[in-house]
Every structure is written in structure tokens, then in C-alpha cells.
Amino acid sequence: MPTFKVQGQVYHVIGSLLPEPDSEHKFLQIYFIDNYESQVTARCNMTENLNRDLVRSLQDSLHAHNHYIQSFKAALETLPQNHADYRIIIHSDKLPPKEHERRYNAPMTNEVALLMVGQEFGPRDIVLHCRNNLTQRISEIHQAYDPLQYPLIFCRGEVGYSVSLPQVNPSTREIMQKTVSCINFYAYRMMARAGEFNSLLRYGMLTNQFWVDMYAGLKNRYRVQVKFPG
């Protein structure tokens, strides 16, 4: 049986939205190449024997439906010519309104904001430079941890686990003061249920990698405990 092994600590990093002058676009930066065919070429050049038509189809779908790509592009378009004094932030705990009681739907509000140097932001917020050669680590308890690392699984940018996610009383549907634990959150998402289509179970080896990744990050996620006031 194929296996996915972890040796050491699993962590994910993110860089600037745009490359330094005279540098090639890579990873997240490829989404912001002006020409779509150039984006396809850049992706196909990274790995041999890719199906160009399939890459183009996936890319078009992500541009059409992934709210992070759409928000980043909108933020970049509003930047002045001097990008040095601006940052783009992804809030760590801004949750979409009217989410499903057991899982998140696609966010309905903009979680991406434009900041000037000197403005305050939370310790777990993801703050992206427009252009630099540095990377920053994404916190395991940031709700964008899952969709930024696995854009094909969460193609619409569906948010992942958050330490401030409240429990819901199954009888009354009222929000409780207790929060949902990380292990319960992912255990619920892992289950196969009669009459329900669970897309997380249908990505082959990528599904295996995702579950091992989430399991390996449990220790870091449990270091932080959040309680609501009162």
C-alpha cells in the first residue's frame, strides 16, 4: 500500500504575491501573471508530462471560484504604484456569516484587507508583502491554513479549523460557549455518511497527505486554547 510518512515537523510557508524584478513567478505568484496561457506554461514547466488542457481547466476554475485568488487580485489592482509601503493581510478569525452548523460553506465576506505600514494586525494574521524574497510560516490554527496549502481540495477557498469555532447545541441549534476541538473538527470531516458526498475522501494520495498533515499538526493546534468570555 502506498504510504505518506512524516519525519520531523510539518509546516507551510507563504511568500510575496509578486516576484522581485527580473525573477520568475513561482507558486502563489503564478496566479498573478497577466496572461492565462503564460500561467499554464509556468505550471507545466515545473513538472514533466503534465496534461496542459487539464492544467488550463483547473486554473480557469480556480480563478472563477476561489475567493482568495479573487480577493488578492482585487487588492493588487487597488495598490498604488509604490508597493513598498503596503501589505495585504488575511485575518485569522474572521468567519463567514450564517455558516453551516457542522461545516463551513464558501466564505461570504472578504477576509483579505489592505494595510499600510504601521497599522496593527493580530499575531496570527497572515501579512503578505507585495514584493520581497522572504517567506513566513502560516499558523496551524489559522483558518486559511487548509485552503492555501490544498487549493485543489478547497477550490472555493473554504476555511478550515479555527480555535474560536463555537460548538452548536444539536438539539436547540444554539451557539454554545465551548469551542470545537481540532480533532473533532477533522474527525467529522473525515467520516463517510450514507446519502452524503464527501469530496475530501476522493483525492487519492492527496487525501492521504492531507490527513497526515492535519494529524501531524494536532500538537501545535492544541497548544492554544480559546474560551469565550462569560
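Helices here are DSSP runs of H or I with at least four residues, strands are DSSP runs of E with at least two, and both are numbered from the N terminus. With that in hand, here are the close-ups, all taken from a predicted model.

**Figure 1. The chain has seven helices and seven strands.** Starting at the N terminus, the order of elements is β-α-α-α-β-β-β-β-α-β-β-α-α-α. The chain holds 230 residues, and 39% of them count as buried. Take contacts between residues at least 6 apart in sequence: 62% of these join residues at least 24 apart. Keep this view at hand as a map for the legends that follow.

**Figure 2. Asn49 sits in the loop between α1 and α2 (52-65).** Asn49 is not a glycine, yet its phi is positive, at about 60 degrees. Most residues other than glycine have a negative phi. Is the residue buried or exposed? Asn49 has a relative accessible area of 78%, and the cut-off for exposed is over 50%, so Asn49 counts as exposed.

**Figure 3. Asp22 and Ser23 share the loop between β1 (13-14) and α1 (36-46).** Asp22 is another residue other than glycine with a positive phi, near 70 degrees. Asp22 counts as exposed because its relative accessibility is 85%. Ser23 has a relative accessibility of 38% and therefore counts as partly exposed. To see where the chain comes back toward this loop, look for Asn133: Asn133 is 110 residues from Ser23 along the chain, and their C-alpha atoms are separated by 9.8 Å.

**Figure 4. β6 and β7 form a hairpin with six residues between them.** Strand β6 covers residues 166-168 and strand β7 covers residues 175-179; the two run antiparallel and are joined by two bridges. Which residue of β7 stands opposite Val168? That place belongs to Ile175. In the turn, look for Arg173, where phi is positive at about 65 degrees.

**Figure 5. The largest pocket holds about 1,500 Å³ of space.** Its lining counts 46 residues, and Phe27, Leu28, Tyr31, Arg43 and Pro151 are the closest to its centre. Elements that give two or more residues to this lining are β1, α1, α2, α3 (67-78), α4 (145-149) and α6 (205-216). Which element gives the most? That is α2, with five residues in the lining of the largest pocket. By residue class, the lining divides into 27 nonpolar, 14 polar and five charged residues.

**Figure 6. His63 is a buried residue of helix α2.** The relative accessibility of His63 is 9%, and buried means under 20%, so His63 falls in the buried class. Leaving out residues up to four places away in sequence, His63 touches Tyr31, Tyr36, Gln39, Ile69, Gln70 and Lys73. One of these, Tyr31, also appears in the pocket view, where it is among the lining residues closest to the centre of the largest pocket.

**Figure 7. The largest nonpolar core has 40 residues.** Those with the most contacts inside this core are Leu17, Phe32, Phe72, Leu76, Tyr186 and Phe210. At least two residues of the core come from each of α3, β2 (86-90), β4 (126-129), α5 (182-190) and α6. The largest share, five residues, is supplied by α3. As general background, nonpolar side chains in soluble globular proteins tend to be buried together. Now zoom in on Leu76. Setting aside neighbours within four places in sequence, Leu76 is in contact with Leu17, Leu18, Phe32, Ile88 and Cys130. Leu17 and Phe32 are thus familiar names, as both are listed with Leu76 among the core residues with the most contacts.

**Figure 8. Tyr150 occupies the loop between α4 and β6.** What is the relative accessibility of Tyr150? The value is 3%, so Tyr150 counts as buried. Beyond residues up to four places away in sequence, Tyr150 touches Leu206, Gln209, Phe210, Asp213 and Met214. Among these, Phe210 is also one of the residues with the most contacts inside the largest nonpolar core. Thr207 gives a further reference point: Thr207 and Tyr150 lie 57 residues apart in sequence and 9.8 Å apart in space, C-alpha to C-alpha.

Technical notes: Residues numbered from 1 in each chain as written. Predicted model: local features only at pLDDT ≥ 70, side-chain atom pairs only at ≥ 80, totals over all residues. Heavy atoms only, no water. Buried < 20%, exposed > 50% of the residue type's maximum accessible area, 1.4 Å probe, protein only. Pairing = 2+ DSSP bridges. 1 Å grid on protein atoms, 1.4 Å probe; cavity = no way out; pocket = protein on both sides within 12 Å on 5 of 7 lines; lining within 4 Å. Points joined across faces, edges and corners; volume = space filled by probe spheres on them. Nonpolar A, V, L, I, M, F, W, Y, C, P; charged D, E, K, R; others polar. Core = buried A, V, L, I, M, F, W, Y, C linked by side-chain atoms within 4.5 Å. Contact = heavy atoms within 4.5 Å.
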